[in-house]
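Please look over the sequence and the model shown below before reading on. The paragraphs that follow lead from ring pairs to the core, then to helix packing and a few single positions.

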Amino acid sequence: MLTNQPSYSIDQQVASLLTRGMLLNEAEAKEVLRKISYFKIYENIKPNHPKRSAIANEFGLYISSDFSSWLKAIAELRNIIAHHSRLWNRSLSSPPATPKSTPYPWILTKLPPPIKSQPYCVITSTIYLCNMIQPKSQIKEHILKLIDNHPQIDITKYGFVGTWRKEPIWHISLKQRIIHWLLRFFHT
């Protein structure tokens, strides 16, 4: 649905949120809005344009349609969470594509279609992209800690089935474990 409303600048969007009573850090909010804009810009690049493939390659995906499907799946998962909808036992309407190959580990096990449309694949895609953006990203460690701290939650309903922890992307090396232990030890 197209409207004739003018688009708001990032500063105007943040000001609007503040006047509505939202408590937020202005600098962080502006950064998030800038990143969201990049995703929308990517979707508006013609599918066969060389820049589209170049951007996908920067994020470690060889096919631009794979990257596009990942962005769409991440946006859907984000919207479900942001609107406090049920995520447990949910199938996503836009699951991420399974790349034929990636320069770094993603999911090596062949997953059945029902599992591909559950949050596990989107979460794993998010970890992959975060690792590409910031190799020292700790999102994987935070997710593993969250899962380990709540064993009463049936994670199979999120698509975490079988030997998911053995997938290379989910491994935490001994070196990483020692670093995390030392950081916790010295921060307490």
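**Rings, core and helices**

By the rule used here, the count of aromatic pairs comes to 9, where rings of Phe, Tyr and Trp (its six-membered ring) pair if their centres lie within 6.5 Å, and planes under 30 degrees apart count as stacked, over 60 as edge-to-face and the rest as tilted. One of these pairs joins F160 and W164, which meet edge-to-face with 4.8 Å from centre to centre and 80° between the planes. The model is predicted, and local features need pLDDT of at least 70, side-chain atom pairs count only at pLDDT 80 or more, while totals for chains, interfaces and linings use all residues. Residues are numbered from 1 along each chain as its sequence is written, and side-chain values use heavy atoms, with hydrogens and water left out.

Are the partners of that pair buried or exposed? F160 is buried, with a relative accessible area of 4%, and W164 also counts as buried, at 7% relative accessibility; here buried means under 20% relative accessible area, exposed over 50% and partly exposed in between (1.4 Å probe, protein chains only). F160 pairs with W170 as well, and because the ring centres are 5.8 Å apart and the planes stand at 65°, this pair is edge-to-face. Both F160 and W170 lie in the loop between α7 and α8 (174–187), so the pair ties together parts that are 10 residues apart in sequence. W170 is buried, as is F160, and ring pairs link Y120, F160, W164 and W170 into a cluster.

The residues of this cluster return in the largest nonpolar core, which has 31 residues and in which F67, Y120, I123, Y128, F160, W164 and W170 have the most contacts. A nonpolar core is a set of buried Ala, Val, Leu, Ile, Met, Phe, Trp, Tyr and Cys residues joined through side-chain atoms within 4.5 Å. At least two residues of this core come from each of α4 (64–82), α6 (119–133) and α7 (139–149), and α6 gives the most, with 7 residues.

These helices belong to a protein chain with 8 helices and 0 strands, where helices (H or I, at least four residues) and strands (E, at least two) are DSSP runs, numbered from the N terminus. Of the 188 residues in the protein chain, 31% are buried. Among contacts in the protein chain between residues at least 6 apart in sequence, 56% join residues at least 24 apart, contact meaning heavy atoms within 4.5 Å.

How do helices come together in this chain? Two packed helices are described by the angle between their axes and the distance between the axes. Helix α3 (residues 50–58) packs with α4 at an angle of about 65°, their axes being 8 Å apart; these axes are lines fitted to C-alpha atoms, for helices over the stretch in contact, and angles run from 0 to 180 degrees between N-to-C directions. The helices α3 and α4 are therefore roughly perpendicular to each other, since angles under 35 degrees count as roughly parallel, over 145 as roughly antiparallel, 65 to 115 as roughly perpendicular and the rest as oblique. In this contact R52, S53, I55 and A56 of α3 meet S64, F67 and S68 of α4.

Two of the α4 residues can be followed further. S64, which has its place in helix α4, is buried at a relative accessible area of 9%, and it touches Y42, P47, R52, S53 and A56, not counting residues up to four places away in sequence. Leaving aside neighbours within four places in sequence, F67 is in contact with Y42, I55, A56, F59, L61 and L129.

The helices α4 and α6 pack at an angle of about 115°, with their axes 10 Å apart, and they are therefore roughly perpendicular to each other. The contact is made by F67, W70, A73, I74 and L77 of α4 together with P119, V122, I123, S125, T126, Y128 and L129 of α6.

Two further positions remain. T156 has its place in the loop between α7 and α8 and is partly exposed, with a relative accessible area of 37%. T156 touches Q118 and V161, not counting residues up to four places away in sequence, while T156 and Y120, 36 residues apart in sequence, are 9.0 Å apart in space, C-alpha to C-alpha. D11 lies in helix α1 (residues 10–19) and counts as partly exposed at 47% relative accessibility; the C-alpha atoms of D11 and K30, 19 residues apart along the chain, are separated by 7.1 Å.
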